[in-house]
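Today I went looking for enclosed empty space inside this protein. Here are my notes, in the order I looked things up.

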Amino acid sequence: MNEYEKPLPRRPRRFPRRAVLAGAFASALPLGLPLAAGPARAAGSGRAVSSGATVTVDADGGYAVETTAPRYRFAGSVGSPVRDVRRTEGQDGVGPYAEVEFGHTAEGVDRTSAIRTYDDSPVVLFRTEYHQEAANSAPFPAFSEAPALAHHETYDSCFAKHRFDLEVDGVFGPYLAFDGSGGGYLFSPASHFPTAVTWAAGTSLTGGTSRDIARLPAGFTQRTVLAFGSDVNEVYDVWGHALTGLSGKRRPAQDASHTLATLGYWTDNGATYYYDFDPDLGYAGTLRAVRERWREQGLPMGNLQLDSWFYPKGPDASWSDIEHGEWRYEADASLFPDGLRAFQESVGVPLVTHARWIDASSPYRDEYAMSGNVVVDRAFWDDRMRYLRESGVDTFEQDWLCDDAQPDFNLTDREAFLGNMAAATAANGMDVQYCMPLVQDFLHSTLFDNVTNTRVSDDRFERTKWDRFLYTSRLASAVGTWPFADVVMSDETRNLLLQNLSAGLVGVGDRIGRESAANLRRVALPDGTVVKPDTPLVPDTATYVRDASGGNGPMVATTRSRHGETTAAYVYAYARAVPDTAPDAVYQAEDATLSGPVVAAEHAGHTGSGYADFQHADGDHVEWDVEVPADGTYTLLFRYANHSGEGRPSGDDRPLAVTVDGGEPTAAPFMPTGGWDRWEEQPVVVELAAGAHTVRATATGRNGPNLDRLGVTAGRAGTVDAAFRPADAGVAGEVYVYDWFAGKGRTADGGSTYTVPVTRDGAYLQVVPVGRSGIAFLGDAGKFVSRGGQRIAELADDGAVRAVVAFAEGEDAVTLRGYATGEVAASATGGEAGEVAHDPDTGLFTVEVTPAGDAASVTVTLTAG
């Protein structure tokens, strides 16, 4: 057999545990191993040259960094002559380097500073050490000359929300500066992340310690890093790998834990069973019923999250106290009378457990060392993490990091809080998720192997959070954690799809009986393994430039699956704003035939005399009689409002099934608009013959939106054009672009701009190369991520497509899809390939593949006739 014909052995999937920390605290970052050192000198200058940058230090205290691609110059002065200048060479976790180290005196305090440049990476590292206790002053580096580029990005507040307009006056985290081409540099702390900040104004750029820290101890060492390049996303990746390289963090694999690798059920804010359960079953019984329902449907639950409801809180030690912090961190005995371990064994999947802050009434405040509202005592963390391990917990979720779960602000306490948490969870074989993190927490995660994932958007993921999710995913993935968008409902196809494209966690929170089995099977294999892209979905560089320029154009975000030399790209594009459309004809909802909905006028902003207010989750419908003058393409524009439910963090989709003349329904999501008095349009494009038609919109499992009116207009409306180059997404040459929602595609030149009309709902495109065989292999037709490595284990095209298709235990068939201009033949090793069904009009083909016996893989060969 050749390398593509070897069947993979069927074996249980293993999820390795992380038990080693990358480093205890930022101050322990390794400096690298010097290979050679120049002689020390009483005074003088120094110079270090790498392939990407040149460093010079002058005798009078001036220093400069000059980069080659792009060409930038950064220059400043320590304000006094330098001494003991040394040039060294060595290697650290980033790679081989050359460094200039020098002594100097700042405000009467002896300091040693250094500038390090790397041979193989466009990175420069700065270091300064205080030899005596001193005032927090004279930071290094402090550039008076730095490139003043057109745009900048920083992060602020909970979940590290990105900002293009924030004044850079002592900001935490990275400072990204970039120009209209997308090239730029990123400047950030490389140690003491909780207290290190950046100042930037005009051509000045400085990194140091927050001014809220008055004095620095003897031996205090601060490091700062500069990364640069010609593309925003490349700069982020270089910077993030520099941080994890310096700390020695092992960046986590996608299957590092059950939580990362498998499909989860969540009970956090926005989920159905957040502080709510079936009173006939009890809380534990309700979740066991969820598990049993999934089993009955053949759905693969891989983990189960328990939110803050599971432990007693506040002065009354009540599980239902939603306002206060932890009284004790243990399962509430009234909810789990047999204990947490017994519950975990009854559901049969690993748990994810949530944590808040320590309540003012908690006995922990007398038992352990505290700072602010959190415990900094290692003994606490060892004890409670041992309890979780013995209870079958896979991942510990620390929430409220930007709010109540904070220590006092100083040089040590946040490092002790997060460091002891990471050490104790690692010692007990658990991963950590940061929730509500500050930007400095993202950076601090680079010190710990087992901080594997971070929440990147507010509670209850939905349409209004898409932008934040994508931009903060860029930050999370750069520093070596997998992003989590938060809970969705499985029938929300687009929200679930974006969660899947994040390459991180996938978790749903449906009511029993409301789960979409079809969508969940598009995400995961029968054993629960999520089929993912290789990297998280993030905005492309052109979107960065457009958004930073103040535009409100479409979002274009990309990710990919790579197999050797061949890459598939996945592109999600959506409109943030669409031009107002004056329909050719308007039909008010209050004048339509209503079956279930009632006419209401309570909320402002509607047209006509009122709107249709749906009353029931199933069957309610609004029906209009419309007429069009000619055959052709028309857009049905449903004007609607959709606000969040009472007590929920944000809105659910309120999907309606739209039919014309009783034909095949089109599922339209009717996403949240942000308020009942905020009206938007949901477009549905249809083909109509001249004459009269009946349009019906029916509720399908959720109470529908408020419908104001139906507009009908010729052509496509409610869209804007989104554009990208397939080559920029990693797919060059001749490509095939498949529109997943439209079910069709076309070939294109990967080096040219590809344009697609998009609505606020978005378009999902799978972009694959047309290989030497003449075939564009799309992969598994039944999965959102059709060429994800969990399904397509190996792939090559040497004149024939050879794909190793992985199967989960008990899985009996997979349908593959692709494109070719002519007939396609299929054969298989380790199983069987059925007859190829090829559509000569579209070029699309499918073939069903089945494994032989208990084989874990089938090698499929496709050739074009």
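**Entry 1, the count.** I began by counting cavities of 30 Å³ or more, and I got three. A reminder to myself: this is a predicted model.

**Entry 2, the largest cavity.** I looked up its volume next and noted about 90 Å³ for the largest cavity. I found 17 residues lining it, and the closest to its centre are Glu326, Arg356, Phe380, Trp381 and Gln398.

Which elements each supply at least two residues of this lining? I wrote down β25 (374-375), α6 (378-390) and β26 (393-398). Of the elements, α6 gives the most to the lining, with four residues.

Then I sorted the lining of the largest cavity by class: twelve residues are nonpolar, two are polar and three are charged.

**Entry 3, the second largest cavity.** For this one I noted a volume of about 60 Å³. I listed the residues that line the second largest cavity: Arg111, Thr128, Tyr130, Asn136, Pro139, Phe140, Gly207, Gly208, Thr209, Leu216, Phe220 and Gln222.

Two strands caught my eye here, β9 (123-130) and β18 (204-209), as each supplies at least two residues of the lining. The largest share comes from β18, with three residues.

How do the residues of this lining divide by class? I got five nonpolar, six polar and one charged.

**Entry 4, side by side.** To keep both linings in view, I copied the classes again: the largest cavity has twelve nonpolar residues in its lining, while the second largest has five nonpolar and six polar ones.

Key:
Residues numbered from 1 in each chain as written. Predicted model: local features only at pLDDT ≥ 70, side-chain atom pairs only at ≥ 80, totals over all residues. Heavy atoms only, no water. 1 Å grid on protein atoms, 1.4 Å probe; cavity = no way out; pocket = protein on both sides within 12 Å on 5 of 7 lines; lining within 4 Å. Points joined across faces, edges and corners; volume = space filled by probe spheres on them. Nonpolar A, V, L, I, M, F, W, Y, C, P; charged D, E, K, R; others polar.
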